[in-house]
Amino acid sequence: MFSKKRVLVAGTAVLALGLTAACGGNSDSDSDSKGSSKAEFNAALTKIFNPSDKKGGTVKLANSGDWDTVDPGETYYGYSWDFLRLYGRSLLTFKSEPGAAGNELTPDLAEAAGVPTDGGKTWTYKIRKGIKYEDGTEVKAADVKYAVLRSTDKETFPNGPAYFEGFLDLPADYKGPYKSKGANTDSAITTPDDYTIVFHLKQAFGGFDYIAALPQTVPVPEAQDKGANYKQHVISSGPYMFDTNNLGKDFSLKRNPNWDAASDPIRKALPDRFEVSLNVNADDIDNRLLSGDLDIDVVGTGVQPAALGRVVGDPTVKASADNPTLSRLWYTSINGNVAPFDKIECRKAVEFAYDRTGYQTAYGGPLAGGEIATSILPPVIPGYQKIDPYPVSDPTGDVAKAKEQLTACGQAAGFETNIAYRAERPKEKATAESMQQALAKVGIKLTLKPFPQGDYFSQYAGNPGYAKTNKLGLVVNGWGADWNDGYGFLSQVVDSRVIRETGGSSNVSVRDPAVDALLDQAVAETDTTKREAIWGQIDAKVMEDAYIIPGIVAKSLLIRPKNLTNVYVNEAYGMYDYSAIGVA
């Protein structure tokens, strides 16, 4: 999800992941944040375009699908994490600045970065006093504790990341505050007073500040929690609150009258309103962006193929576009739970047969899509090494090598299976069609299966039972780093222990105990060079297992808003910073 080079903890050695530096405010940017109002290609890539402090106006956004959820305890899309900062404040967050500074952590709800003790197994945060919810009540440390604990209930909240339940020293068989009501969780989280929260881990983890920046630390007042229905009206701790929320159709934000700018060094809160339309045709979104009728495609993955020629072919239009490179991989999972992909040779057949250039073309080519990948680690992740375990004689597919593997797995004549993709995403449909055409050359018949974006992982592609029963042998997928480190990129997509039988996991294919063991080894390794080498080993092992078709290392081509101010790409999210923008 993210592109991150993180800074942590002042005055204390950072352990386990060996990450160092200091966590500070937004005044020490090393980028040119003064900005410019001159329209040119990539004008908002590393500096502010059209800077202004003018308040007022309405920002109009659209989503080609449904939001996974606006509940901070469950949401797990990069665009949602970017947008959520408008109505929620996590303990830490990323600086709202262009350029490299946007990758740095800064205190938000907390006064400062976490203080590690007990060899990095205990992390303490002090919460700012006087921060209020939309109803005027004060945010307390107990609200953060409750928010984190509720997020560990993966039956109620299947989509969210699983870092907290992986690291916190929770009681055995703890299932969250609904099902384990009254359970003593002081072994995992304590709140010595109203403004102090202490996390107790099962093992040292020097990168815990990364986890404290997750939306799961956005406070939730227990008395107003409605479980799975909390998404109908999340209680705001940020500068905006929900005005309307028509699930699956649209929602809007208005100003939170109890937000105090003096307590928030990050957000300027310039617009009066944000209006979001859901399930809007992706090509219509591009047309409206180009006409100025719409401000932002909130998903932030860039223009669709239909509009690409108009953007890059007209110098005037191209001058209103930005082209960030992301720590994201657009890939396809090969599900070993679906026969005959339980045989490694059948998986390898697909690795040789798929059309690499077709995959790239489906996402818009080298400019708008990205570079062809031959392994799963993006080059910006420390530990990356250039490898190509499945060299091909033809980038459109090596038929001879694929057929050799099909013979070895007892499927010389080929076989039939299904390929899943998100229905609202034309690029994923084009990817599935490219796979269908390429694999047909070796006798593998693919049937395309589109599913809704909002429930893609919780009910369909990421639900092991559904995927197996419905023979989803291939799953078009994508992943961006939660932070710019091997663990931040790999753990949620290759660790078999994050796979949940109830659905919701981002890992839909990699089930290898050897990979799990390497992840544990890397977390425990304090030597940076040795740890980064392990990330490379994991990359090679997953590719050796043939559980993932690597696809492309992502780029996007964003249409810069015509009517907004303070527009820039936040490198932490790989898209425009929604908390910074204003209305011209």
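**View 1. Helix H15 crosses helix H16 in a left-handed sense.** The model shown here and in every view below is predicted. H15 covers residues 486–494, and H16 covers residues 513–524. Their axes come within 11 Å. The crossing angle is roughly 150°. Angles over 145 degrees count as roughly antiparallel, so H15 and H16 are roughly antiparallel to each other. Which residues of H15 meet H16? They are Tyr 487, Leu 490, Ser 491 and Val 494. On the H16 side, the partners are Val 515, Asp 516, Leu 519 and Val 523.

**View 2. Helix H15 also packs against helix H17, with axes that come within 11 Å.** H17 spans residues 528–545. Here the axes cross at roughly 30°. Angles under 35 degrees count as roughly parallel, so H15 and H17 are roughly parallel to each other. H15 passes H17 in a left-handed crossing. H15 contributes Gly 486, Tyr 487, Leu 490 and Val 494 to the meeting. H17 contributes Trp 535, Ile 538 and Val 542. Look back at View 1 for Tyr 487, Leu 490 and Val 494, which meet H16 as well.

**View 3. The largest nonpolar core of the model has 149 residues.** In soluble globular proteins, nonpolar side chains tend to be buried together. Which residues have the most contacts inside this core? They are Phe 83, Tyr 125, Phe 199, Val 494 and Ile 538. Helix H2, residues 141–151, supplies the largest share of the core, with six residues. Val 494 and Ile 538 also appear at the meeting of H15 and H17. Apart from this core lies another one, of 14 residues. Its members include Leu 294, Ala 321, Ala 368 and Ile 559.

**View 4. Phe 199 is one of the residues with the most contacts inside the largest core.** Neighbours up to four places away in sequence are set aside here. Among the residues that Phe 199 touches are Leu 91, Trp 123, Tyr 125, Val 148, Phe 164, Leu 168 and Phe 208. Ala 188 and Ile 189 are touched too. So are Lys 121 and Thr 122. Tyr 125 is itself listed with Phe 199 among the residues with the most contacts inside the core.

**View 5. Helix H8 is mostly covered.** The helix runs over residues 344–353. How many of its ten residues are buried? Seven are. They are Cys 346, Arg 347, Ala 349, Val 350, Glu 351, Phe 352 and Ala 353. The cover includes strands S13 (325–334), S17 (472–480) and S18 (548–555). It also includes helices H11 (399–408), H12 (426–440) and H17 (528–545).

**View 6. A cis peptide bond joins Ala 339 to Pro 340.** Its omega is near 5°. Pro 340 sits in the loop between S13 and H8. S13 is among the elements that cover the buried residues of H8 in View 5.

**View 7. Is Arg 85 buried or exposed?** Its relative accessibility is 4%, so Arg 85 counts as buried. Arg 85 belongs to the loop between helix H1 (78–84) and strand S2 (92–94). Its side chain makes a polar contact of 2.8 Å with the side chain of Asp 577. Leaving out residues up to four places away in sequence, Arg 85 touches Thr 93, Phe 94 and Ser 96, among others. Its contacts also include Pro 239, Arg 267, Asn 570, Tyr 573, Tyr 578 and Ser 579.

**View 8. Glu 165 lies in helix H3, residues 163–167.** With a relative accessible area of 21%, Glu 165 is partly exposed. Its side chain makes a polar contact of 2.7 Å with the side chain of Lys 154. Beyond its neighbours within four places in sequence, Glu 165 is also in contact with Ser 151, Thr 152, Leu 170 and Lys 202. Asp 143 is 22 residues away along the chain. The C-alpha atoms of Glu 165 and Asp 143 are separated by 18 Å.

**View 9. Asp 118 has a positive phi, near 55°, and is not a glycine.** Asp 118 lies in the loop between strand S4 (115–117) and strand S5 (122–126). At 53% relative accessibility, Asp 118 counts as exposed.

**View 10. Lys 471, another residue other than glycine, has a positive phi near 55°.** Lys 471 is placed in the loop between helix H14 (464–469) and S17. Lys 471 counts as exposed, at 53% relative accessibility.

Terms used. Residues are numbered from 1 along each chain as its sequence is written. This is a predicted model: local features need pLDDT of at least 70, side-chain atom pairs count only at pLDDT 80 or more; totals for chains, interfaces and linings use all residues. Side-chain values use heavy atoms; hydrogens and water are left out. Helices (H or I, at least four residues) and strands (E, at least two) are DSSP runs, numbered from the N terminus. Buried means under 20% relative accessible area, exposed over 50%, partly exposed in between (1.4 Å probe, protein chains only). A polar contact is a pair of N or O atoms within 3.5 Å; within protein, one must be able to donate a hydrogen and the other to accept it, and residues adjacent in sequence count only if both atoms are side-chain atoms. Contact means heavy atoms within 4.5 Å. A nonpolar core is a set of buried Ala, Val, Leu, Ile, Met, Phe, Trp, Tyr and Cys residues joined through side-chain atoms within 4.5 Å. Axes are lines fitted to C-alpha atoms, for helices over the stretch in contact, and angles run from 0 to 180 degrees between N-to-C directions. Angles under 35 degrees count as roughly parallel, over 145 as roughly antiparallel, 65 to 115 as roughly perpendicular and the rest as oblique. A crossing is left-handed if the near helix is turned anticlockwise from the far one by less than a right angle, and right-handed if clockwise.
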